[in-house]
Amino acid sequence: MYINRALLLAVGVFIIFSPAVEEWIFHSTTVWYRPYQLWLLLVAAAYWNQRSRYPDEL
Amino acid sequence: MSFSLAQILLFIVAYLTGLFTVAYLADRGIIPERITRHPATYVLSLGVFAGAMATNGALELAYSYGYSFLLYYGGVVFMFIFAALLLLPLLRLCRVYQLASLADVLTFRFRSPRIGAIITIAMCLTLLPLLALQIQAVADSIQIMAGDAGNLFAQENRQDGLALLFCIIITVFSMLFGTRHNSAQERNTGLVTAIAFESLVKLAAMFVLLLAAVYGVFGGFDGVEQWLHQNPQLGNTLNHSLHDNTARTLLVLFFAGAVCMPHIFHMAFAENTDSRDLRTATWGLPLYLMLLSLPILPLTWAGIKLGHQLPIDYSGLALGLEMHSTAVSAAAFVAGLSAASATIIITTLALANMCLNHLILPSRLSQIDPERNIYAQLKWLRRTLIGTLIVAGYMFFIALNGTQSLTQLGLVAFSGTLQFLPGVIATPYWPGANRKGLMAGLATGLTFWFFSMLLPLASNFALPIPDLLGDGNTHWSDAILISLSLNTGMFILVSLLTSTSADERIAAEICSMDDTSRPVRRVLSVRTASEFSAQLSKALGEKTARVEVNRALAELQFSPDEARPYALRRLRARVRANLSGLLGPAVAHSIIERCIPFQQGIQDSTEDIHLIERKLDRVQTKFTGLTADLDNLRRHYRETLHNLPIGVCSIGDDGEILLWNRSMEKITGIAPRDVIGSLLGSLPLPWYQIIGDFQQGDSHSQLKTEVVGNGPPCWISLHKTIAGTDTEVRPTDTVILVEDITELELLEKELLHNERLASIGRLAAGVAHEIGNPVTGIACLAQNLEYESDPQEIRFTAVDILKQTERINRIVESLVNFSHAGSRSGEVNLEPCNLADCVDESIHLLGLDRKARPVEFRNQCDRELVVLADSQRLLQVFVNLLGNARDACDSDGQVDILAKCRGGDVVIDIQDNGCGIPPDMQAHVFEPFVTTKDPGAGTGLGLSLVFSILDDMGGSVSLSSPLFEGPHPGTRVTVQLPRSSYGDAFEA
């Protein structure tokens with residue numbers, strides 16, 4: 001099964017940095033909607049990732 | 001504030017009528033396609049994932065597990081953001097093989113109808129809690145709206161009748177709009193648009209609740225912050241809960257739900273018509289879910305602040321009641337209603353398709369009357385199943401008595417479907433997995449799930465679960481982890497210990513490749529597209545078979561009289577895929593294998609090069625790195641092959657034409673697209689005969705073959721080689737090179753003619769002299785005759801004149817014969833020829849050249865020897881060879897012509913005592929324009945023509961030199977021709 005290298009890198013980065021990101025999000029003094037800021041960032045990244053795709057590739 | 005039951009009923013009916021209207025308008029095309037086909041509609045329809053668990057259950061999750069409630073959405077978000085990991089490979093499989101459910105995919109991968117049946121039964125069982133959850137959310141909401149919140153769980157006061165009515169309306173909707181198309185893979189536009197509409201309604205309602213909670217309860221967002229500061233224990237709950245191991249379990253649970261839940265699977269794959277829509281969903285669905293989850297925390301906190309007595313799941317309704325706001329109550333009710341109805345509709349539709357394809361049809365296909373409309377029968381079967389499933393969900397809800405929270409029901413349902421995750425991951429990623437492993441894993445995992453999760457829902461039974469996480473209060477989390485571990489462990493262990501069938505290995509290869517088909521060239525038992533219909537009619541009935549075959553032909557843009565093996569293989573695959581969408585992969589496989597089988601006993605490991613090329617051409621832009629380099633290399637070699645100035649065609653063992661380059665098109669006038677994939681027998685004459693005979697023959701080359709067709713004649717040379725090295729194991733292809741030598745042949749003929757004319761020119765002076773002698777003699781005899789009166793003398797004189805005239809005739813006839821040789825459009829007229837006579841004639845002709853050296857020709861050929869040749873061409877051969885021999889000799893030279901029989905041939909040696917031929921020249925003397933004579937003394941075409949003429953007549957020529965020591969080494973030219981005779985009658 002061919003897996004895009006960028007995707008593997010993204011998964012790797014996610015696993016490596018998830019404790020640090022979790023720490024940042026759930027710091028007790030932070031605003032309650034901070035997880036949503038990260039979520040929005042993920043949405044933006046996903047949008048950027050898919051915008052240069054080819055016509056119906058199946 | 002409360003509502004009467006009539007008002008609530010009216011409200012439900014009004015909402016569902018609105019839903020019907022949207023679906024109807026979309027189906028009729030009144031809502032324009034730019035809306036119904038817009039990617040946003042597809043993305044919103046995926047919002048079906050957010051059922052009552054999202055609008056109600058998430059509040060309880062947030063209350064109990066803090067930020068962990070986000071994992072309910074996070075699992076799906078990760079699944080879609082990383083769609084390339086699982087969703088895209090599954091979408092490819094589903095699109096190519098018309099698979100519409102998880103059971104279809106796993107049946108296809110593990111090649112077992114039993115797998116499909118097991119998964120369908122397990123799926124129905126695991127989804128009963130999910131259906132009950134939706135119905136309970138609506139029933140409880142009705143109860144609360146009716147002002148009976150205090151007796152929510154009191155059986156005697158429950159408004160289950162309205163919940164039943166809700167189920168009936170939902171059933172009618174599913175039946176009407178979910179079964180409009182015969183194939184589960186065809187998009188139900190009305191249904192998709194209605195579900196997208198429900199997602200919008202759900203989102204709008206949740207935002208109304210968000211505003212009501214923030215501004216109605218806290219007085220604004222600052223109020224929320226202030227309240228949180230005043231209640232720091234809530235902040236701690238929010239943060240610390242996510243550090244629990246339960247959070248990881250929830251993430252896995254909802255991650256699996258995104259692909260294992262049948263309603264998500266159905267919307268994501270079965271209703272998808274364009275992979276670009278799924279790409280849009282990779283960011284669109286996370287965005288939608290983010291917006292949908294935004295109100296959850298403020299709503300939960302509002303519920304806590306209000307301190308209402310209702311379960312926290314219904315904080316929205318409590319908010320409306322506390323605020324005495326009809327709008328807020330209605331928004332909370334609509335949010336739950338839209339979420340529940342969408343989930344029930346799609347879940348039951350997906351389950352009905354699974355039940356039909358994997359339970360009903362495999363066992364009762366024979367009971368479907370092929371003579372009646374098979375599509376209508378299937379539609380009604382599907383409708384019946386939808387009704388049955390909704391009733392089953394309702395019965396389960398009744399059996400539970402509303403004693404379970406929505407979250408509990410959701411966790412049981414999601415943990416049930418989680419058991420399919422190992423199989424789903426193995427489909428694209430583990431070719432070693434087999435059906436025994438999958439069944440063992442599923443049996444273990446589902447059994448544990450049944451006793452640890454499902455059974456405790458409806459009874460007091462509780463399986464003792466070890467406290468894996470060490471927190472003592474997350475029984476469900478331990479149960480989920482244990483069931484999944486047991487399932488995965490058994491799956492891996494049994495797969496490793498047991499053998500995998502060949503069928504499974506092929507399917508595994510298909511599923512684990514980027515490309516979704518394994519192009520193998522096999523020979524079908526049917527020869528034309530029309531035979532497909534006849535064969536399929538045995539299982540589907542005449543009308544349905546014809547419709548399905550015509551549909552597949554139209555989709556592939558093939559003509560109804562298609563007969564190319566390559567096209568028929570594609571047609572078979574397409575019919576199978578379409579039937580898979582209609583009847584499920586197991587039944588489709590069974591019908592196709594039975595009605596349109598491949599021929600047995602024929603080796604089938606040859607790959608379908610043409611199909612591979614087509615697929616590579618379509619996906620080439622995706623390649624990167626070494627793969628892209630390899631693909632570029634492939635393209636380079638293919639272009640080289642196609643642009644070769646020599647014709648190249650490749651023919652499989654079964655006679656299928658695999659390659660036909662542009663030069664072949666130029667030579668034969670047959671375009672590659674018309675012939676690739678066809679059988680050799682479909683080539684028009686004379687090409688079928690020429691190429692077919694050559695392919696079957698033993699010879700590896702065939703020089704100068706004349707092609708006589710409708711157009712002007714042409715000449716080709718053929719060469720062949722066998723492709724592949726392991727010829728004993730695999731069928732092999734024959735590569736044939738076709739060289740167009742028409743121009744060369746015409747040039748050669750022209751040169752032959754010119755050479756002959758040159759010879760005639762050289763002979764002309766001798767001819768004039770030769771004719772002059774008898775003419776002088778005749779003149780003298782005529783003068784004498786004038787004065788002769790004796791009749792006897794006159795008679796003698798006349799006889800002499802006639803002799804002289806005959807001599808002239810013979811000279812002229814020789815010259816005419818010689819000049820006509822080969823002028824009859826290249827036709828070789830083989831007939832028995834007396835060798836010695838032919839040599840004599842040649843010597844006589846050469847004798848006419850008075851300027852030539854007077855050498856001695858000694859014809860020592862047996863007068864009885866007869867060869868099979870064209871006499872006039874043979875004359876040319878001897879004139880050229882004897883002329884060369886004479887030119888090589890001095891004035892006292894001698895040329896001997898000897899002949900002997902060898903086997904079925906006659907070998908003629910022409911031997912001289914001339915100057916010989918240098919060794920370095922001997923290999924080239926038969927090439928055109930090569931001569932040993934002085935410049936201007938010869939054209940260099942003589943021996944070339946001799947070679948060409950003898951080759952035409954099936955003979956050969958060779959030479960050896962020197963023959964003797966000394967100044968006259970001499971040369972021997974050896975001609976070999978087939979022996980012949982004038983027939984028995986003549987011999988006698």
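This is a guided tour of chain B, stop by stop, in a predicted model.

**Start: the whole chain**

Select chain B. Its secondary structure comes to 40 helices and 12 strands. Of its 988 residues, 47% are buried. Now consider contacts with a sequence separation of 6 or more. Residues 24 or more positions apart account for 74% of these in chain B.

**Stop 1: Ile35(B)**

Select residues 33–36 of chain B. This is helix α2, and Ile35(B) is found in it. Is Ile35(B) buried or exposed? Ile35(B) is exposed, because 12 other C-beta atoms lie within 10 Å and a residue with 12 or fewer counts as exposed. Add Thr193(B) to the selection. Its C-alpha is 8.5 Å from that of Ile35(B), while 158 residues separate the two in sequence.

**Stop 2: a helix pair**

Two packed helices are described by the angle between their axes and the distance between the axes. Show residues 52–65 of chain B, helix α4, together with residues 113–145, helix α8. Their axes are 10 Å apart, and the packing angle is about 75 degrees. α4(B) and α8(B) are therefore roughly perpendicular to each other. Which residues make the contact? From α4(B), pick Ala52(B), Met53(B) and Asn56(B). From α8(B), pick Leu133(B), Gln134(B) and Ala137(B). By class, this contact has 4 nonpolar residues, 2 polar and no charged ones.

**Stop 3: helix α7**

Go to residues 102–110 of chain B. This helix, α7, is mostly covered, with 9 of its 9 residues buried. Asp104(B) and Arg109(B) are among the buried residues, and so are Leu102(B), Val105(B), Phe108(B) and Phe110(B). Step just past the helix to Arg111(B). Arg111(B) has a positive phi of about 50 degrees.

**Stop 4: the five-stranded sheet**

Select β1 to β5 of chain B. They form an open sheet in the order β2-β1-β5-β4-β3, with antiparallel pairing. β2 (657–660) and β3 (701–707) stand at the edges; each has a single partner strand, so one side of each is left without a neighbour in the sheet. On average, neighbouring strands here are turned by 25 degrees against each other, direction ignored.

Begin at the β3 edge. β3(B) is joined to β4 (residues 714–723) by 5 antiparallel bridges. Ser701(B) stands opposite His719(B) of β4(B).

Then move to β1(B). Its side chains alternate. Gly647(B), Cys649(B) and Ile651(B) point to one face and are buried. Val648(B) and Ser650(B) point to the other face and are not buried.

β1(B) has these partners:

- β5(B): antiparallel, over 5 bridges. Gly647(B) has Val738(B) as its bridge partner in β5(B).
- β2(B): antiparallel, over 3 bridges. Ser650(B) has Leu659(B) as its bridge partner in β2(B).

β1(B) and β2(B) form a hairpin, with 5 residues between the strands. Click Gly655(B) in the turn: its phi is positive, about 90 degrees.

**Stop 5: the helix on the sheet**

Keep the sheet in view and add residues 687–696 of chain B. This is helix α33, which packs on the sheet and touches β1 (647–651), β3, β4 and β5 (733–740). The direction of α33(B) makes about 130 degrees with that of β5(B).

Which residues of α33(B) are buried? Colour Trp687(B), Ile690(B), Ile691(B) and Phe694(B). These buried residues lie on the same side of α33(B), because they cover an arc of only 85 degrees around the axis. An α-helix has 3.6 residues a turn, so residues three or four places apart point the same way. The buried residues of α33(B) pack against α31 (662–668), β3, β4 and β5. Now look at the other side of α33(B). There Gln689(B), Asp693(B) and Gln696(B) are exposed.

**Stop 6: strand β8**

Finish at residues 866–869 of chain B, strand β8. Both of its faces are covered. On one side, Val866(B) and Leu868(B) are buried; on the other, Val867(B) and Ala869(B) are buried too. Add strand β6, residues 831–834. β6 and β8(B) run antiparallel and are joined by 4 bridges. Cys833(B) has Val867(B) as its bridge partner in β8(B).

Key:
Residues numbered from 1 in each chain as written. Chains lettered and ligands numbered in written order. Predicted model: local features only at pLDDT ≥ 70, side-chain atom pairs only at ≥ 80, totals over all residues. Helix = DSSP H or I, 4+ residues; strand = E, 2+ residues; numbered from the N terminus. Buried ≥ 20, exposed ≤ 12 C-beta atoms within 10 Å, placed from the backbone. Contact = placed C-beta atoms within 7 Å. Axes fitted to C-alpha atoms, helices over the stretch in contact; angles between N-to-C directions. Parallel < 35°, antiparallel > 145°, perpendicular 65-115°, else oblique. Nonpolar A, V, L, I, M, F, W, Y, C, P; charged D, E, K, R; others polar. Pairing = 2+ DSSP bridges. Arc of directions from axis to C-beta.
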